[in-house]
Amino acid sequence: MRQHLGRLTVLATVAAVSLVAAPGAAHADITTAQPATSTAVAVITTDPGANEWAGTPYQDAFATALARAETYPDELSMPYIADGALYSTVTTAATSTVSSLAGNSITVYNATQPPSSAGDGAEAIDPVNDPYEEVKPPNVESDPNSGDDTLLQPVGLARVTPQVVGGTSVYPTKKTVKYSLNALIGPRDEVLTLTDLPDGGQLRTAFVDAETNRVVIKAAAVTQPLREALASRYGADRVALWLVPGFPAASVKATRQSDTSPFYGGAYFSTSVGSCSTAFAWTHQGASYILTAGHCTSLNGSAYNPTVGKMGTVTADNWNNTTGSVKVYGQSYYAGDVSTIKMGTNLFSWGNVYRGGTNSSSSRKVTSKWTTGSSLSDQYCVSGQVTGEMCGFRVIARGVTVRYTDGSTLRNATESYRRGTCTRGGDSGAPIYTIKSDGSVAAKGVLSGGSTNTSGDCYDYFSEIYLAEKALPGIIKLAY
């Protein structure tokens with residue numbers, strides 16, 4: 001995504017101390033933690049998520065607690081996990097009925113949920129000498145009259161029905177807070193789009209820190225005018241600046257290489273916007289699609305492949321190529337950066353993703369998908385057409401807003417970190433997944449963008465797969 005197609009870049013600027021300087025003036029940097037005052041927001045220098053504890057059954061119960069908050073966003077706020085407990089946050093505006101609901105027990109079941117990290121699967125399998133590589137199947141025709149999101153299976157392959165076993169009750173601890181969910185996601189989604197903040201170009205990402213009931217804005221540099229401007233707009237206690245000196249800007253990653261029908265994830269394709277990577281096979285009403293990043297495409301535009309020419313048409317997209325993430329189909333929430341391409345006549349997608357290097361012809365089956373959002377410290381792999389398959393990325397923040405250098409804004413994304421080789425332009429849209437013990441994978445997300453450096457400290461941003469299924473018509477097409 002070094003171009004406007006695979007990776008989004010967070011804008012950068014320089015900040016400094018001055019109480020009345022214009023937005024473009026130079027100011028002295030603040031380099032240490034600062035408490036909030038009546039006229040300036042706090043500055044923190046340590047990871048606000050360090051206390052968060054992730055693990056089953058809490059990660060599944062968290063999804064239910066979050067759904068409750070999203071149903072009553074003016075009465076409840078963002079839940080969180082800390083010190084081995086799930087907290088449901090309630091405002092003083094909550095009715096007795098909603099407050100009671102927030103504390104109700106949540107039953108979670110042991111089903112076919114993929115592992116919370118790449119775990120032993122990713123560590124045990126050599127990405128170069130993988131014994132579980134797959135051979136491309138012949139074209140399999142879908143049933144255009146089926147009316148549901150299924151694909152006719154080749155003879156001899158049976159669908160696997162998930163078996164739900166057991167049940168664990170999680171009892172949330174209620175905590176009274178000042179700001180509701182709506183009062184926090186408003187600033188989170190707006191702050192990176194503001195053009196009149198002094199030294200605002202140093203802002204990188206924004207997310208809700210539920211434990212402190214405020215929005216945390218990651219910044220490469222912080223100045224006093226910036227602190228005061230944020231306090232004036234949002235209140236000194238509703239937002240805080242997380243200073244990470246020199247934090248890299250992010251960009252979309254666009255620009256493997258000659259895939260054929262049936263198409264796999266992790267392959268090269270191009271549009272009028274540029275070149276990117278495909279993510280996962282997708283199906284809707286019996287027809288064949290493929291999922292990718294929304295900023296790689298234009299709605300109703302064509303997608304091309306060097307082998308077949310026109311591979312399909314973009315039919316759904318939650319990304320505006322100027323402004324960024326948009327809400328579609330009447331949804332009340334953002335779902336990152338995704339789009340679907342409907343395959344052309346006699347062309348199909350298949351439930352595999354490429355593995356190995358940039359010119360690899362081997363692949364992995366996609367046999368399951370994540371049905372909840374990421375937990376902190378989840379590990380995963382990504383397989384882009386420019387850099388190939390790379391593992392060891394670790395989730396460090398959820399529900400993140402990211403400003404790219406081209407001025408577009410990614411919303412409700414997940415942020416990750418890896419030390420080593422970074423994803424690059426052209427990797428946008430790539431599949432993000434965890435590797436299971438049998439060598440197959442569980443679909444987890446779609447790469448949007450990340451830091452512009454090619455190695456060292458790498459930061460990536462991706463759209464969650466469970467949100468993609470909520471945002472766009474259709475579902476992931478699995479390989480059975």
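Aspartate 199 is buried, with a relative accessible area of 1%, and this residue of the predicted model lies in the loop that runs between helix H4 (181-190) and strand S8 (203-209). Its phi is near 65°, a positive value in a residue other than glycine. The chain around aspartate 199 has 480 residues, of which buried residues make up 56%, and six helices and 31 strands are found in the chain.

**The chain as a whole**

- The accessible surface of the chain comes to about 17,900 Å², and 51% of that surface belongs to carbon and sulfur atoms.

**Loop residues and backbone geometry**

- Asparagine 346 also has a phi near 65°, again a positive value in a residue other than glycine, and its place is in the loop between strand S22 (339-343) and strand S23 (349-354).
- Asparagine 346 counts as exposed, because its relative accessibility of 59% is over the 50% that marks an exposed residue, whereas aspartate 199 is buried at 1%.
- Serine 261 and proline 262 are joined by a cis peptide bond, for which omega is about 0°, and proline 262 itself is placed in the loop between strand S12 (250-252) and strand S13 (263-265).
- Serine 408 belongs to the loop between strand S26 (388-403) and strand S27 (409-421), and with a relative accessibility of 0% this serine counts as buried.
- The side chain of serine 408 makes a polar contact, at 2.6 Å, with the side chain of aspartate 406.

**Strand S30 and its partners**

- Strand S30, made up of residues 455-464, is largely enclosed by the rest of the structure, because eight of its ten residues are buried.
- S27, the strand that follows the loop holding serine 408, is joined to S30 by eight bridges, and the two strands run antiparallel.
- Within this part of the structure, tyrosine 417 stands opposite tyrosine 459 in S30.
- Strand S29 (residues 441-451) is likewise joined to S30, in this case by five bridges, and these two strands also run antiparallel.
- S29 and S30 form a hairpin in which three residues lie between the two strands, and glycine 449 stands opposite tyrosine 461 in S30.

**The largest pocket**

- The volume of the largest pocket is about 1,000 Å³.
- A total of 48 residues line the largest pocket, and those that lie nearest its centre are Leu66, Met78, Arg188, Gly399 and Asn412.
- At least two residues of the lining are supplied by each of helix H1 (58-71), strand S3 (80-82), H4, S8, S26, S27 and helix H6 (465-471), and H1 gives the largest share of the lining, with six residues.
- H4 and S8, which stand on either side of the loop that contains aspartate 199, are thus among the elements that supply lining residues, as are S26 and S27, the strands on either side of the loop that contains serine 408.
- By residue class, the lining of the largest pocket divides into 24 nonpolar, 13 polar and eleven charged residues.

Notes:
Residues are numbered from 1 along each chain as its sequence is written. This is a predicted model: local features need pLDDT of at least 70, side-chain atom pairs count only at pLDDT 80 or more; totals for chains, interfaces and linings use all residues. Side-chain values use heavy atoms; hydrogens and water are left out. Helices (H or I, at least four residues) and strands (E, at least two) are DSSP runs, numbered from the N terminus. Buried means under 20% relative accessible area, exposed over 50%, partly exposed in between (1.4 Å probe, protein chains only). A polar contact is a pair of N or O atoms within 3.5 Å; within protein, one must be able to donate a hydrogen and the other to accept it, and residues adjacent in sequence count only if both atoms are side-chain atoms. Accessible areas come from the Shrake-Rupley method with a 1.4 Å probe; for residues, only the protein chains shown count as cover. On a 1 Å grid over the protein atoms alone, a cavity is a set of points where a 1.4 Å probe fits but cannot get out, and a pocket is an open set with protein on both sides within 12 Å along at least five of seven lines; lining residues have an atom within 4 Å of a point. Grid points are joined across faces, edges and corners, and a volume is the space filled by probe spheres set on the points. Ala, Val, Leu, Ile, Met, Phe, Trp, Tyr, Cys and Pro count as nonpolar, Asp, Glu, Lys and Arg as charged, and the others, Gly among them, as polar. Two strands pair if DSSP finds at least two bridges between them.
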